[in-house]
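Here's a quick briefing to read alongside the model. Have the sequence and the 3D view open as you go.

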Amino acid sequence: MNIILLGPPGAGKGTLANKIIEKKGAVQIATGDIFRYNISNKTELGLKAKSYMDRGDLVPDELTIDLVWDAFDKHKDESKEGRIILFDGFPRNLDQAKALDQGMIERNQKIDHVVYFDVAEEILIERIAGRRVCTNCGASYHIHNNPPKREDICDKCGEELIQRDDDNEKTVKNRIDVYNAHTSVLIDYFNEKGILLSIDGTNSPDEVFEEFLDKLGE
Ligand code: AP5
């Protein structure tokens, strides 16, 4: 089963993805995480992606689409057998959505659901400002909503927690503008295909997960 998580920065896509992985053994394809991995390992892709991410702009499609297929093709047989594959942060514009549709047809597969997170802008900014991530295992926290047991230390692996480079005020503002200009059109795009599931992203992470299961009919 192939599911897209669609929503603005800070909407809770990664948080829901982690719950679905934990409870249902899903596979996550998170383009932002793939770029950050490449940046920290100083790969050619990372060097190219960094300036776009630092500004909060979209990384060009020619650097993005192929890496999604590389990741998907490792799991496409599991998807046919019912395992959930989560597209987290992809597609992010109409060209990416059309490339995804075309690639799915070529693989005799389809997107089953698109989970759209409805969250007001002031909540997004508060969530992103309070987010802390682990430098080692990538676990994500929030200083008020989901604090670690020890300040700035990861519960899971004991490493230091930091703020993401693109979680500063100026970049967040641009990320939200980019979402409104390029990504939000995908809400109508997928709604017209009859596969959009809208979720109230202002609820708690557990309630968001429950609503996800309800909407899936589980
Ligand atoms: P990416 O890494 O995808 O970031 P994003 O879309 O901006 O999303 P975030 O990771 O900020 O938020 P999220 O929705 O996952 O929220 P989270 O669960 O962490 O992309 C980064 C950059 O990479 C882009 O700007 C672009 O440059 C590039 N990029 C990526 N994909 C691309 C693509 N396809 N094409 C081109 N470029 C691409 O939650 C946020 C915080 O809120 C956390 O602290 C969490 O604890 C808290 N929280 C979450 N849910 C709740 C809740 N229900 N209640 C209370 N608090 C909550």
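Start with one bridge pair: Val-27 has Ile-85 as its bridge partner in E3. That pair belongs to the place where E2 and strand E3 (residues 85-88) run parallel, joined by four bridges. Keep in mind that this is a predicted model. From here we go through the sheet around that pair, then a second sheet, a couple of backbone oddities and the ligand site.

**The five-stranded sheet**
- The sheet is open, its five strands pair in parallel, and the order is E2-E3-E1-E4-E8.
- At the edges you'll find strand E2 (27-30) and strand E8 (196-200), each of them pairing on one side only.
- Ignoring direction, neighbouring strands in this sheet are turned against each other by 25° on average.
- Helix H1 lies across strand E1 (2-6), E2, E3 and strand E4 (113-118). Relative to E3, H1 runs at about 170°.

**The three-stranded sheet**
- There's also an open sheet of three strands, ordered E6-E5-E7, and this one pairs antiparallel.
- Why is one side of E6 and of strand E7 (161-162) left without a neighbour in the sheet? Both stand at the edges with a single partner strand each, so there is nothing in the sheet on the other side.
- Two bridges hold the antiparallel pairing between strand E5 (residues 131-134) and E7.
- Looking at residues, Val-133 has Ile-162 as its bridge partner in E7.
- Helix H7 (residues 121-130) packs on this sheet and touches E5 and E6. The direction of H7 makes about 40° with that of E5.

**Backbone oddities**
- The peptide bond joining Phe-90 and Pro-91 is cis, with omega at about 0°.
- Pro-91 sits in the loop between E3 and helix H6 (94-106).
- Lys-42 has a positive phi, near 50°, although the residue isn't a glycine.
- You'll find Lys-42 in the loop that runs between H2 and helix H3 (44-55).

**The ligand site**
- Which residues come closest to the ligand? They are Thr-15, Asp-57, Arg-92, Arg-131 and Arg-175, out of 33 residues that surround the ligand.
- Thr-15 places a polar side-chain atom 2.6 Å from an oxygen atom of the ligand.
- With Asp-57 the contact comes from the backbone: an N or O atom there lies 2.6 Å from a ligand oxygen atom.
- Asn-145 uses a polar side-chain atom, which lies 2.9 Å from a nitrogen atom of the ligand.
- How much of the ligand's accessible area does the protein cover? The figure is 94% of the 1100 Å² that the ligand has on its own.
- The elements giving two or more residues to the shell are helix H1 (13-24), helix H2 (31-40) and strand E6 (140-142).
- H2 provides the largest share of that shell, four residues.
- By residue class, the shell divides into ten nonpolar, 14 polar and nine charged residues.

**Tying it together**
- H1 turns up twice in this briefing: the helix lies across strands of the five-stranded sheet, and it is among the elements that give residues to the ligand shell.
- E6 does too, as an edge strand of the three-stranded sheet and as a contributor to the ligand shell.

How values were computed. Residues numbered from 1 in each chain as written. Predicted model: local features only at pLDDT ≥ 70, side-chain atom pairs only at ≥ 80, totals over all residues. Heavy atoms only, no water. Near = heavy atom within 4 Å. Polar contact = N/O pair within 3.5 Å; in protein donor to acceptor, adjacent residues only side chain to side chain. Areas by Shrake-Rupley, 256 points an atom, 1.4 Å probe, with all protein chains shown as cover. Nonpolar A, V, L, I, M, F, W, Y, C, P; charged D, E, K, R; others polar. Pairing = 2+ DSSP bridges. Axes fitted to C-alpha atoms, helices over the stretch in contact; angles between N-to-C directions. Contact = heavy atoms within 4.5 Å.
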